Amino acid sequence: MPEHLSHSKRFGTAQYDHFFADAMAQIHAEQRYRVFADLERMAGDFPRALWHGPSGSQEVVIWCSNDYLGMGQHPSVIAAMTEAAKRLGTGAGGTRNISGTTHPLLELEIELADLHHKEAALVFTSGYVSNQTGISTIGKLVPDCVILSDALNHNSIIEGIRQSGCRRIFRHNDHRHLEELLRTVGQVRPKLIVFESLYSMDGDIAPIRRICDLAEYYGAMTYLDEVHAVGMYGPRGGGIAERDRVMHRIDVIEGTLAKAFGCLGGYIAGTATLIDAVRSHAPGFIFTTALPPPICAAATAAIRHLKVSHSERCAHQDRVQRVKAELNWARLPVMASGSHIVPLRVGDPAKCKAASDMLLEAHRIYIQPINYPTVARGTERLRITPSPCHDDIMISQLVAALSEVWDELELPRESAA
């Protein structure tokens, strides 16, 4: 390469770095820089893990995992994954179109369709991708479609809607406001209502039946995100819609394999025609490598187990109620929640980070701080997710540690519930 071109390249690369430095300076100034804990999960000993921190490796107890039921360490799930890896190898070998549609993946889609009593299901590489590409594709395939979105929908939903076109936002869980918007749009224009069954930062639950009533009256399709509810609620783990006996009224159900099922991936379930249309048109499905067979086999094992086993869900609800009761007794600010999500309001980004650091360093308890933009400014919190594996001693240690941290940081003790 000529010397003048080589010099120009070096100069051209360096001059952009200050943009990235400025962006990070802004993050630090707002006291919302995210530090990722270096954790080594211990199969068979969840929720314990090794934390590789500044002073070396130390055992900690995780209180914020999305492996809600501990299925990531369940013997049948691990066995299914290892057996599939030995038999089929580690990777899928391609996209779904080019050699990546393995038999375990098809078995997984059949299992998911059955879980939600739908004609078909389609698996994506993550729950984020299933929302982003699923919603955008559906919106583009329906001419002049208006998508009505709950104000607190997940970023993956928001991005999917942005890519598809027209969006109207209704106030969070406000079915009256939703009806006002539906009335404005009118009966004739195609409509899609997109909402979540369980909102993961507040732990509150959508009025699914009311929304279905409005959808049927105004001729709208419904798209329900059950990411934080599948495996957790309902007789077979079908989610809040199954628990509330309204699953048959939802047109598209979206879920994840990465939380209650302890694996990786996302999916949508609906009519065979809709699923086939998304399969044939969605770039986020067509142009990416398929999930590896071992992951598919593990997810299928987890789903099959939770369809028939109730012990995990029962034990989980017992632990959740115990944690809430103990925190309320200690006058810690538990935000009201009708689900397994237990948020503790802090309301300040610096103190939220400090509380998390103190819990980890002094008490060997890991709870990640939740700051803007995940939640609104002024509503920063610690988000606790009990599991069936958290015993009474762990709960007592958690409450004692939080009480000590709250006092040291002079945080308010009155309950926010």
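## Salt bridges and a helix contact

At 24% relative accessibility, Glu 326 counts as partly exposed, and in this predicted model Glu 326 is also the partner of Arg 322 in a salt bridge whose closest N and O atoms are 3.3 Å apart. Arg 322 is likewise partly exposed, at 29% relative accessibility. Because they lie 4 residues apart in helix 14, Arg 322 and Glu 326 are separated by about one helical turn.

Helix 14 (residues 311-329) packs against helix 16 (residues 392-408) at an angle of about 30 degrees, the axes being 10 Å apart, which makes helix 14 roughly parallel to helix 16. The crossing of the two helices is right-handed. Helix 14 contributes Arg 319, Arg 322, Val 323, Glu 326 and Leu 327 to the contact, while helix 16 contributes Asp 392, Ile 395, Leu 398, Val 399 and Leu 402; of these residues 6 are nonpolar, none is polar and 4 are charged.

The structure holds 26 salt bridges, including the three tabulated here.

| Salt bridge | N to O distance |
|---|---|
| Glu 109 and Arg 96 | 2.9 Å |
| Asp 174 and Arg 171 | 3.2 Å |
| Arg 322 and Glu 326 | 3.3 Å |

The pair of Glu 109 and Arg 96 links distant parts of the chain, with Glu 109 in helix 5 (residues 103-115) and Arg 96 in helix 4 (residues 96-100), 13 residues apart, and both residues are buried. Asp 174, by comparison, is partly exposed with a relative accessible area of 21%, and Arg 171 is partly exposed at 45% relative accessibility. Elsewhere, a network of salt bridges links Glu 111, Asp 114, Arg 236, Arg 304 and Lys 307.

Notes:
Residues are numbered from 1 along each chain as its sequence is written. This is a predicted model: local features need pLDDT of at least 70, side-chain atom pairs count only at pLDDT 80 or more; totals for chains, interfaces and linings use all residues. Side-chain values use heavy atoms; hydrogens and water are left out. Axes are lines fitted to C-alpha atoms, for helices over the stretch in contact, and angles run from 0 to 180 degrees between N-to-C directions. Angles under 35 degrees count as roughly parallel, over 145 as roughly antiparallel, 65 to 115 as roughly perpendicular and the rest as oblique. A crossing is left-handed if the near helix is turned anticlockwise from the far one by less than a right angle, and right-handed if clockwise. Contact means heavy atoms within 4.5 Å. Ala, Val, Leu, Ile, Met, Phe, Trp, Tyr, Cys and Pro count as nonpolar, Asp, Glu, Lys and Arg as charged, and the others, Gly among them, as polar. A salt bridge is a side-chain nitrogen of Lys or Arg within 4 Å of a carboxyl oxygen of Asp or Glu. Buried means under 20% relative accessible area, exposed over 50%, partly exposed in between (1.4 Å probe, protein chains only).
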